[in-house]
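Reader: I am a first-year student, and I would like to learn how the words used for a protein model follow from its values. Could you show me the model, and then let me ask about the terms in turn?

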Amino acid sequence: MGENYSCENSLVSSIRIFILGALSGRGPMHGHQLRHLSEEEHLDQWTDITIGGLYGAIKRLAAEGLIEEARREQVGSYPERKVWRITDAGSQVLSTLRLSGLSEIAHHPDPFDLVLTRLDPDHLDHLPAIIEARITSLKATLTEYEARAEAIARYLSLAESLAMQHRAVRLRAEIAWHEQLNAQLPELIDDEKARSRRRGSTE
């Protein structure tokens with residue numbers, strides 16, 4: 001139960017938990033029903049699940065034997081649809097994923113941090129504007145996110161509401177860190193310029 005948890009694995013696990021959990025709790029469903037359920041639960045608002053990723057995930061789960069075709073359905077002129085059910089192996093994986101989701105901490109390294117420690121001297125004078133733009137973008141993201149959360153609040157369970165609050169808390173922490181960085185930029189820029197001069201004098 002470490003913190004070595006990549007973004008790709010996080011996304012795959014989220015989708016798997018949703019699909020396997022839906023089939024386990026609601027019974028056999030076809031892809032369109034799963035998509036409709038994800039839209040009803042506004043998963044794109046508070047998880048890393050994308051609607052477009054559902055069908056690819058269904059194929060992968062079927063290839064791994066975690067779900068299987070239960071039957072086929074055709075309504076009117078719509079194309080025939082495969083109805084999927086969870087397998088015994090899928091139920092075991094779902095149990096493991098749920099425990100892992102609660103236990104593991106997902107931290108995704110931001111390339112910004114690496115670049116900040118290896119700044120291009122030619123970019124130093126532009127750094128204040130870049131950081132201000134990042135702060136503005138983060139604040140806009142938070143405002144938009146909180147507005148969406150408020151709009152769907154009456155549809156959310158307590159657990160879903162708390163999950164959305166978690167994302168908002170993380171965004172506020174990002175804003176606070178960037179504002180601290182912004183306050184220290186003059187010192188950082190002076191330090192980077194001094195380092196650049198020292199490197200130049202030794203070449």
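Reader: Which residue in S3 stands opposite histidine 30, and what makes S1 and S3 a pair?

Author: Histidine 30 stands opposite valine 83 in S3. Two strands pair if DSSP finds at least two bridges between them, and S1 and S3 are joined in the antiparallel sense over two bridges, so the requirement is met. The names come from DSSP runs numbered from the N terminus, where a helix (H or I) has at least four residues and a strand (E) at least two. This is a predicted model, in which local features need pLDDT of at least 70 and side-chain atom pairs count only at pLDDT 80 or more, while totals for chains, interfaces and linings use all residues. Residues are numbered from 1 along each chain as its sequence is written, and side-chain values use heavy atoms, with hydrogens and water left out.

Reader: How do you know that S2 and S3 pair, and why are S1 and S2 said to stand at the edges?

Author: S2 and S3 have six bridges in the antiparallel sense; among the facing residues, glutamate 68 stands opposite arginine 85 in S3, and glutamate 73 has arginine 81 in S3 as its bridge partner. The three strands form an open sheet in the order S1-S3-S2. Strand S1 (29–30) and strand S2 (67–73) each have a single partner strand, so one side of each is left without a neighbour in the sheet.

Reader: Why is the contact of phenylalanine 112 with tryptophan 177 called edge-to-face?

Author: Rings of Phe, Tyr and Trp (its six-membered ring) pair if their centres lie within 6.5 Å, and planes under 30 degrees apart count as stacked, over 60 as edge-to-face and the rest as tilted. Here the centres are 6.0 Å apart and the planes stand at 85°, so the pair is edge-to-face. Phenylalanine 112 lies in helix H6 (residues 111–116) and tryptophan 177 in helix H8 (residues 158–183), so the pair ties together parts that are 65 residues apart in sequence.

Reader: What makes phenylalanine 112 count as buried, and is tryptophan 177 buried or exposed, or something in between?

Author: Buried means under 20% relative accessible area, exposed over 50%, and partly exposed in between, with a 1.4 Å probe and protein chains only. Phenylalanine 112 has 14% and is therefore buried, whereas tryptophan 177, at 34%, counts as partly exposed. Serine 137, found in helix H7 (residues 127–152), is partly exposed at 43%.

Reader: How do you know that arginine 134 lies over the face of phenylalanine 112?

Author: A charge sits over a ring if NZ of Lys or CZ of Arg is within 6 Å of the ring centre and within 35 degrees of the ring normal. Arginine 134 lies at 3.8 Å from the ring centre of phenylalanine 112, and arginine 167 lies over the face of tyrosine 145 at 4.9 Å from the ring centre.

Reader: Which residues of helix H2 and arginine 35 in particular can you describe?

Author: Arginine 35 is found in helix H2, and its relative accessible area of 33% makes it partly exposed. The C-alpha atoms of arginine 35 and leucine 66, which are 31 residues apart along the chain, are separated by 18 Å.
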